[in-house]
Amino acid sequence: MQLTSIRGGLRRITYGAAIAATILSAAGCTASKTVPDRATESVTVPPSLVPPSPVVEQTGEPTHDPTPVISYLGKTKIVTSDNVEVRVTPGEYGINVACNVTNDTGRALRYQTQITVSSEGVSYSAEFDFGSILPGAVGQQSKAVGSNTTEVRQEDIKVYIDSVITY
């Protein structure tokens, strides 16, 4: 509410000054004095009346959501997003989920990923916690989700990379 009244007050002052300058110049009162150009004149507002500007926090991480790339290798569905690759293979004893993480930074990092695999209304979750991965190295882990009674066709599998946390 205060921001609107400040802007309104500044507009009234600016418009009033412009009208006064127009009336004075039309009346011929400017022959002996120089009137400053209002377009280049700046208005000074006390800092206490200036609303705070929003603070934008800059991080070194990109803020875009990467588009996953989906491919197939035999019965295995491969989902790749940025530096995470997930391979899901339906098998005799459930669904095998393999996660590969590539450290493409210049320092050693730990990675934690959350993967969800769903098929025909049933969802399975797999969490991978990689130890310290050196720069340029690849961390690999795999888990079986589901059970031996889980019958899944390759076409029905949906793979989601829910989160990737680095620390």
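# Notebook: one helix and the strands that follow

**Entry 1. Overall layout.** I read the elements along the sequence and noted the pattern α-β-β-β-β-β-β-β-β. The chain thus holds 1 helix and 8 strands. I record at the outset that this is a predicted model.

**Entry 2. Confidence.** I looked up the confidence before reading any detail. The chain has a mean pLDDT of 77, and 59% of its residues reach 70 or more. Which elements have the lowest and the highest mean pLDDT? Helix α1, residues 2–27, has the lowest at 59, while β7 has the highest at 95. I keep in mind that predicted coordinates should not be read in detail where pLDDT is low.

**Entry 3. Burial and surface.** I next looked at the chain as a whole. Of its 167 residues, 26% are buried. The exposed area is about 11,800 Å², and carbon and sulfur atoms supply 55% of that area. I also looked up contacts between residues at least 6 apart in sequence: 53% of these join residues at least 24 apart.

**Entry 4. The sheet of 5 strands.** I traced an open sheet whose strands stand in the order β1-β2-β3-β4-β7, with antiparallel pairing. Which strands stand at its edges? They are β1 (69–73) and β7 (138–145); each has a single partner strand, so one side of each is left without a neighbour in the sheet. On average, and with direction ignored, neighbouring strands here are turned by 20° against each other. I note as background that strands of a sheet pair through backbone hydrogen bonds, either parallel or antiparallel.

**Entry 5. From β2 to β3.** Within this sheet I followed one antiparallel pair, β2 (residues 76–81) and β3 (residues 84–91), which 5 bridges join. In this pairing K77 stands opposite V88 in β3. I then turned to the loop between β2 and β3, where D82 is placed. D82 has a positive phi of about 55°, although it is not a glycine. I noted this angle because most residues other than glycine have a negative phi. Is D82 buried or exposed? Its relative accessibility is 55%, so D82 counts as exposed, the cut-off being over 50%.

**Entry 6. The sheet of 3 strands.** I found a further open sheet, with the order β6-β5-β8 and antiparallel pairing. Its edge strands are β6 and β8 (158–166), each of which pairs on one side only. The average turn between neighbouring strands of this sheet is 15°, direction ignored. I looked up the pairing of β5 with β8 and found 8 bridges in the antiparallel sense. One position to view there is S118, which stands opposite K158 in β8.

**Entry 7. S119.** I selected S119, which is placed in strand β5. Why does S119 count as buried? Its relative accessibility is 8%, and buried means under 20%, so S119 falls on the buried side of the cut-off. Which residues does S119 touch, not counting those up to four places away in sequence? They are V152, D156 and I157.

**Entry 8. V122.** I then looked at V122, which lies in strand β6. With a relative accessible area of 39%, V122 is partly exposed. I also looked up the separation of its C-alpha atom from that of G146, a residue 24 places away along the chain: V122 and G146 are separated by 9.4 Å.

**Entry 9. Salt bridges.** How many salt bridges does a search of the whole structure find? It finds 2. I recall that side chains of opposite charge can pair when their charged atoms come close.

One salt bridge joins the side chains of R110 and D129, at 3.9 Å from N to O. This pair links distant parts of the chain, 19 residues apart: R110 belongs to strand β5 (residues 109–119) and D129 to strand β6 (residues 122–133). I checked the accessibility of both partners. R110 is partly exposed, with a relative accessible area of 34%, and D129 also counts as partly exposed, at 37%.

In the other salt bridge the side chains of R87 and E85 meet, at 3.0 Å from N to O. R87 has a relative accessibility of 28% and therefore counts as partly exposed, since that class lies between the 20% and 50% cut-offs.

How values were computed: Residues numbered from 1 in each chain as written. Predicted model: local features only at pLDDT ≥ 70, side-chain atom pairs only at ≥ 80, totals over all residues. Heavy atoms only, no water. Salt bridge = Lys/Arg side-chain N within 4 Å of Asp/Glu carboxyl O. Buried < 20%, exposed > 50% of the residue type's maximum accessible area, 1.4 Å probe, protein only. Helix = DSSP H or I, 4+ residues; strand = E, 2+ residues; numbered from the N terminus. Pairing = 2+ DSSP bridges. Axes fitted to C-alpha atoms, helices over the stretch in contact; angles between N-to-C directions. pLDDT = per-residue confidence, 0-100. Contact = heavy atoms within 4.5 Å. Areas by Shrake-Rupley, 256 points an atom, 1.4 Å probe, with all protein chains shown as cover.
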